[in-house]
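Let's explore a protein model together, one question at a time. Keep the structure in view as you read.

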Amino acid sequence: MKKLIFSIAILIAGAFPAISQSAEKISEILSSDGLTFGQLSYLVGTCGQGLNDKASYKEAFNFIKKKGFIADGVSENDKANVAQAAGLFFKSSGQKGGLMYRILGCDRYAFKELRAKGAIPQNVDPSMKIQGRDALALLSETLETE
């Protein structure tokens, strides 16, 4: 009986590293001075879109672009601003938005919608580049405001 319990404990302990999420990319994103669309795509893809957390930023970018959340003419290494991040998070969360967002569907109105809901502070400029910590906070707030 002791051998059986010991064997089960070893199997369970061995399974944890296989199923735990790697924190390397998240740490890199948190310490980043300005996020790229590849990094934002990784956040969106692994947060409810079904992307494997072991995917590269390029794979994440292509995955999210195929879903139609990123406009043509944007590359993986382009730096994103707050309005673009808000638009990406808003689209990926499936929120409907206000009248202007429904008509135009642009990042500016996603930014305004999230600011009106309190997810973005009033003093934030939409053209500022987005930092890693701010992106995670905004993604979390966006998902909570659904």
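Q: Which residues of helix 5 meet helix 8?
A: Keep in mind that this is a predicted model. On the helix 8 side, the contact is made by Ala135, Leu138, Leu139, Thr142 and Leu143. Their partners in helix 5 are Ala86, Phe89, Phe90 and Ser93.

Q: How many residues of the contact of helix 5 with helix 8 are nonpolar?
A: Let's sort them by type. The contact of helix 5 with helix 8 has no charged residues and two polar ones. The nonpolar residues number seven.

Q: At what angle do the axes of helix 5 and helix 8 cross?
A: Helix 5 covers residues 82-93 and helix 8 covers residues 132-144. Their axes come within 10 Å, and helix 5 passes helix 8 in a right-handed crossing. The angle is roughly 35 degrees.

Q: Which helix gives the most to the largest nonpolar core?
A: This core has 35 residues, and Leu40, Phe89, Ile120, Ile130 and Leu138 touch the most other members. Helix 3, helix 4, helix 5, helix 7 and helix 8 each supply at least two of its residues. With seven residues, the one that gives the most is helix 5.

Q: Which residues of helix 8 does isoleucine 130 touch, leaving out those up to four places away in sequence?
A: Isoleucine 130 touches Asp33, Gly34, Leu35, Ala80, Asn81, Val82 and Ala85, among others. Its list also has two residues that fall within 132-144, the range of helix 8. Those two are Ala135 and Leu138.

Q: How far apart in sequence are lysine 129 and aspartate 33?
A: The side chains of these two residues meet in a salt bridge, at 3.3 Å from N to O. Lysine 129 lies in the loop between helix 7 and helix 8, while aspartate 33 lies in the loop between helix 2 and helix 3. Along the chain they are 96 residues apart.

Q: Why does lysine 91 count as partly exposed?
A: Lysine 91 in helix 5 pairs with aspartate 107 in helix 7, and their side chains meet in a salt bridge at 3.6 Å, N to O. Buried means under 20% relative accessible area and exposed means over 50%, with partly exposed in between. Lysine 91 falls in between because its relative accessible area is 26%.

Q: Which residue does glutamate 113 meet in a salt bridge?
A: The count of salt bridges comes to three. Glutamate 113 is in one of them, at 3.9 Å from N to O, and is partly exposed at 21% relative accessibility. Its partner, partly exposed at 38%, is lysine 117.

Key: Residues are numbered from 1 along each chain as its sequence is written. This is a predicted model: local features need pLDDT of at least 70, side-chain atom pairs count only at pLDDT 80 or more; totals for chains, interfaces and linings use all residues. Side-chain values use heavy atoms; hydrogens and water are left out. Axes are lines fitted to C-alpha atoms, for helices over the stretch in contact, and angles run from 0 to 180 degrees between N-to-C directions. A crossing is left-handed if the near helix is turned anticlockwise from the far one by less than a right angle, and right-handed if clockwise. Contact means heavy atoms within 4.5 Å. Ala, Val, Leu, Ile, Met, Phe, Trp, Tyr, Cys and Pro count as nonpolar, Asp, Glu, Lys and Arg as charged, and the others, Gly among them, as polar. A nonpolar core is a set of buried Ala, Val, Leu, Ile, Met, Phe, Trp, Tyr and Cys residues joined through side-chain atoms within 4.5 Å. Buried means under 20% relative accessible area, exposed over 50%, partly exposed in between (1.4 Å probe, protein chains only). A salt bridge is a side-chain nitrogen of Lys or Arg within 4 Å of a carboxyl oxygen of Asp or Glu.
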